[in-house]
Amino acid sequence: MSEKRACETVYVSTFTNGILDPSQPMLGPVRDGGHIVANTTPGCWGPMITPSLRGGHEVTQPVYVEGAEVGDAVAIRIQSIRPTSRVTASGNDQTIEGRFLGDAFVAAKCPSCGTPHPETRIEGIGPAAIRCAECGAEATPFTFTNGYTMAFDDKREVGVTLPKEAAEKVAEDGRAYMATPEHSIQNPVVTFAPHDIVGAVARVRPFLGQLGTTPARPFPDSHNAGDFGSFLLDAPHEYAVTEEQLEDRTDGHMDINRVREGAVLICPVKVPGGGVYLGDMHAMQGDGEIAGHTTDISGIVTLQVHVIKDMDLSGPLLLPTEEDLPYLAKPLTEKEKAQALTLAKQWGMDNIEESLPVSFIGSGATLNEATDNGLQRAADFLGTTVPEVMNRATVTGAVEIGRYPGVVTVTFLAPVDRLAERGILDLVREQYGVY
């Protein structure tokens, strides 16, 4: 891959089969400082009701970044996110026994003929519409406990949930209403025509539920994080891992609503070229994604990538937009700095600490484990102790839930000298306009 001439822009319209596999071909390479433009597929529900997809999602084919070597990092600027779906559907999920082996996201099977990862066809609309292509049996491993169909205005600024008749109209032509990319194989979730909630209004604020780099071993894409990844421990299918092997993940599946236009995500490089991939765009989501799912949509995304040499990360760092920072973690204004310096001098001090915000991603089987993971990652990165990070996050930041049950962000004002030592000070200054 590295022998090919690097491109300024790599256009992506192809997808994985649900498995992030470092042995599979990557697109590109894209040059250091170049761009990735991708037409992404809807994330969770469509792949979940498509048993031939093996990871619970359908993310883009990874892109090789020129100069990215194992032990480096790739900074990904999210330059634009443009939703294209006109309608989607979502809701709480419930698995259907007999239609999977241990994990409905990863190991679906036909309950009648037993075919693993069966190809399917759509017959009609509703939850029974997904049928095994081999024997015709109902084959979706998931159904809704409470679901809704949501339409968006032309400017993609608001969404409204639809009644039964409108939801069924959409279900008849699901791929068109969802603007499903040509090379996507997922069944459109609007086929189910859920309509338990009618007339609810939600603001649109799109973000990427999946963005990151390729893990060091094959991982189901939805399980590339500590919480879903824990389902792989001693699993009865081919993607089972040990506790040690779980550390090969890159936490690309975050569902953090701050991973949106204007943010910068710094990702570990665990395979040559990094393998930047994305997907699982959502129209909106509150902290925690407490329903387990939100509004999956198609869209066009533009990223810019930069290689940071010799930055051995165990997980991603996020530089949210200033608007998305916790109040206590926002950069200090010149007025606040002057007030603080005056106070410091009253107590015999000549200087105050210079600091800027940074957000560390933590993931684990539970929110407590995810928080511990984020605190440890922050301490390791900054060369300090977990108790110091805990204090800083308490008085100059916050711990926020990305996804329940086990993804968090640990955000705080970090000393600029430590950011400089780790090679990201210029990037942080540029992100927040502080020089």
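The largest cavity in this predicted model holds about 50 Å³ of space. A cavity is here a set of points, on a 1 Å grid over the protein atoms alone, where a 1.4 Å probe fits but cannot get out; points are joined across faces, edges and corners, and the volume is the space filled by probe spheres set on them. The lining, made of residues with an atom within 4 Å of a point, includes Cys44, Phe105, His253, Asp255, Glu289 and Arg403. By class, three lining residues are nonpolar (Ala, Val, Leu, Ile, Met, Phe, Trp, Tyr, Cys or Pro), three are charged (Asp, Glu, Lys or Arg) and six are polar (the others, Gly among them).

The search of the whole structure yields two cavities of 30 Å³ or more. The second largest encloses about 30 Å³, and its lining includes Pro47, Met48, Thr50, Phe105 and Phe142. Nine nonpolar residues and one polar residue make up this lining, with no charged residues.

At the surface, Val158, Val160 and Val201 form a nonpolar patch of about 230 Å². Patch members have over 30% relative accessible area and no salt bridge (a side-chain nitrogen of Lys or Arg within 4 Å of a carboxyl oxygen of Asp or Glu), and nonpolar side chains are joined within 5 Å. Areas follow the Shrake-Rupley method with a 1.4 Å probe. Valine 160 belongs to strand 10 (residues 158-161), strands being DSSP runs (E) of at least two residues, numbered from the N terminus. Valine 160 counts as partly exposed (between 20% and 50%) because its relative accessibility is 34%.

Residues are numbered from 1 along each chain as its sequence is written, and side-chain values use heavy atoms, without hydrogens and water. Local features require pLDDT of at least 70 and side-chain atom pairs pLDDT 80 or more, whereas totals for chains, interfaces and linings use all residues.

Definitions and conventions
1 Å grid on protein atoms, 1.4 Å probe; cavity = no way out; pocket = protein on both sides within 12 Å on 5 of 7 lines; lining within 4 Å. Patch = residues over 30% accessible without salt bridge, like charges linked within 9 Å, V, L, I, M, F, W, Y side chains within 5 Å. Helix = DSSP H or I, 4+ residues; strand = E, 2+ residues; numbered from the N terminus. Buried < 20%, exposed > 50% of the residue type's maximum accessible area, 1.4 Å probe, protein only.
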